[in-house]
Amino acid sequence: MRPVQLIQRSYPVLALIVPLLIVVLVIETFGSPGTQRVTTEALIRLVFAVGLYIFAGNSGIVSFGHMAFCAIAAYATAWQTCCALMKPITMSGLPAFIRDNTFPLLPAAMTSIGLAGGVAFLSGLILMRLSSLSASISTLALLFILNVIYSNWVSVTMGNSTIVGLPVYVTTWGALSAAILVIVLAYLFQRSRWGLMLRATREDEVAAAASGLSLYWTRLAAFTLSGFVAGLAGVLFAHFTGTVSISTFFLSHTFLIVAMLVVGGMRSLAGAVVGVTVISAVIDVFRRAEAGFSIGSVDIAIPPGSQELILATLMLLILMFRKDGIMAGREFTWPWRSKEDHVRAPLVTRTKDPAQRLSALPPRP
C-alpha cells in the first residue's frame with residue numbers, strides 16, 4: 001500500500017488525532033496550570049465518551065449505566081494502590097491480600113480495567129437479550145444498583161466518604177495517549193465485520209436478523225469492549241484527582257457524557273470527539289464567567305448555575321435544528337479524493353448502508 005493510500009485510509013482517525021495533538025502541545029507550552037488541568041479532565045471524558053460510543057453509537061442503544069464500569073475500575077485501583085496504613089482502618093472488609101498490601105500502578109490499572117470489562121460482559125449476558133428501549137432502562141438500573149451497593153458497603157468502599165491518598169500520575173500527555181489509543185480502537189472496531197454487523201442491527205433489527213445476523217452476540221461484544229474502555233477512564237480519573245467517591249460516578253456525569261454525544265452526533269466517532277470538545281469548552285468558559293472576570297475597572301460575573309442552563313439550551317437548539325448532532329453521523333473524509341477514485345472505489349467503501357456494506361464483504365473462510 002502506497003503512503004498516500006495509507007494516509008487516505010487513516011484520514012478519519014488522523015483528522016481527530018492531529019488537532020488534539022496540536023491543541024495539547026499549545027496548552028502545555030503556553031497554558032496556565034488551571035488550563036492544563038481542565039484539558040486533562042476533558043481528555044479523560046473523551047476516553048469515556050468514545051468508550052460509550054463504541055456501544056451506543058454503533059448499536060443505537062443509549063446506555064446510561066456505563067458510569068458503573070467506570071466506578072468499578074476506579075474503586076478497584078484505589079483498593080490496590082491506596083496506602084497500606086489506611087486500608088486496615090478505613091476498609092477493613094477488603095480481602096487480606098489486598099488490605100495489607102500495596103500493588104504496583106500498572107498491574108493495578110490492568111486488573112481494574114479487566115474487572116470492569118468482566119462485569120460488563122456478565123451484565124451484558126442478561127441486558128443484551130432485551131430490546132432497545134428495555135436495554136437502555138436496564139443499564140440505568142445497573143447504575144442505581146451499583147450506587148446503592150457501594151454507598152452502603154462501608155467496610156469496603158467507605159460508603160459515601162471519599163477515599164484519598166491515591167498516587168497522582170495522570171498528566172495531560174498521559175490522558176492524550178489514552179484518548180488516542182481508544183480513538184484508534186473505536187475506529188478499528190467500527191471498520192471491522194463486528195462493527196458493520198452492529199450498525200446493520202441499528203438501522204433495521206428485523207432485516208438484520210432475517211439476514212442471519214445475531215443481534216445478541218454483536219451487541220454483547222460491543223458492550224464488553226466499551227466496558228473495558230469505561231474502566232480505563234475510571235482508572236485515569238482516580239489517578240488524576242487522587243480521590244474516589246461514589247457520588248462522582250452517578251447521574252450528573254452520566255448525563256453530561258450523553259449530552260456530549262448528543263451535541264456532537266452519537267452515530268459517528270467524529271461526533272463523539274467534537275461533542276466532548278465543544279461541551280468541555282462551553283463548560284470551562286462559563287465556569288470562569290461564573291467566577292467573575294474584569295474588563296478594565298468593571299467586574300463582571302454571571303449568576304451561579306448559568307452553565308447548566310446554557311448547556312441545556314445548547315442541547316435543545318442542537319436537537320431542534322440539527323437532530324443528528326454537529327457531525328450528523330458523518331466522519332471526516334479525505335478532502336482531495338477525485339470523482340474517478342470514488343467511481344473506482346468498491347461498494348464496501350462507497351455505500352453508507354451498513355447492511356449493504358456487510359453484504360459486500362468477502363465470505364468468511
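In which loop is M158 found? In this predicted model, M158 is found in the loop that runs between α8 (154–157) and α9 (172–191).

**Figure 1. Close-up of M158 in the loop between α8 and α9.** The backbone of M158 adopts a positive phi of about 65°, although M158 is not a glycine. Most residues other than glycine have a negative phi. M158 counts as buried because its relative accessibility is 16%, and buried means under 20%. I163 is in contact with M158.

**Figure 2. Close-up of A328 in the loop between α15 and α16.** The flanking helices are α15 (306–321) and α16 (339–344). A328, which is not a glycine, has a positive phi of about 55°. Its relative accessibility is 24%, so A328 counts as partly exposed; this class lies between the 20% limit for buried and the 50% limit for exposed residues.

**Figure 3. The largest nonpolar core and the surroundings of I163.** This core has 95 residues. L46, V47, W79, I163, I183 and V244 are those with the most contacts inside it. Helix α12 (residues 215–241) supplies the largest share of this core, 13 residues. Leaving aside residues up to four places away in sequence, I163 touches Y75, A78, C82, M91, T157, M158, G242, T243 and V244. V244, one of these partners of I163, is likewise listed with I163 among the residues with the most contacts inside the core.

**Figure 4. Close-up of T81 in helix α3.** Helix α3 spans residues 66–81. T81 has a relative accessible area of 6% and is therefore buried. A polar atom of the T81 side chain lies 2.6 Å from the backbone oxygen of T77. Residues up to four places away in sequence not being counted, T81 touches T102, F103, L105, A108, L166, P167 and H239.

**Figure 5. Packing of helix α3 against helix α12.** The axes of α3 and α12 are 7 Å apart, and the two helices pack at an angle of about 50°. Because of this angle, α3 is oblique to α12. The crossing in which α3 passes α12 is right-handed. On the α3 side, H66, F69, C70, A73, A74, T77 and T81 take part in the contact. They meet F223, S226, G227, A230, G231, A233, G234, V235, A238 and H239 in α12. T77 and T81 thus both belong to the α3 residues that meet α12, and a polar atom of the T81 side chain lies 2.6 Å from the T77 backbone oxygen.

Terms used:
Residues numbered from 1 in each chain as written. Predicted model: local features only at pLDDT ≥ 70, side-chain atom pairs only at ≥ 80, totals over all residues. Heavy atoms only, no water. Helix = DSSP H or I, 4+ residues; strand = E, 2+ residues; numbered from the N terminus. Buried < 20%, exposed > 50% of the residue type's maximum accessible area, 1.4 Å probe, protein only. Core = buried A, V, L, I, M, F, W, Y, C linked by side-chain atoms within 4.5 Å. Contact = heavy atoms within 4.5 Å. Polar contact = N/O pair within 3.5 Å; in protein donor to acceptor, adjacent residues only side chain to side chain. Axes fitted to C-alpha atoms, helices over the stretch in contact; angles between N-to-C directions. Parallel < 35°, antiparallel > 145°, perpendicular 65-115°, else oblique. Left-handed = near helix turned anticlockwise from the far one by under 90°.
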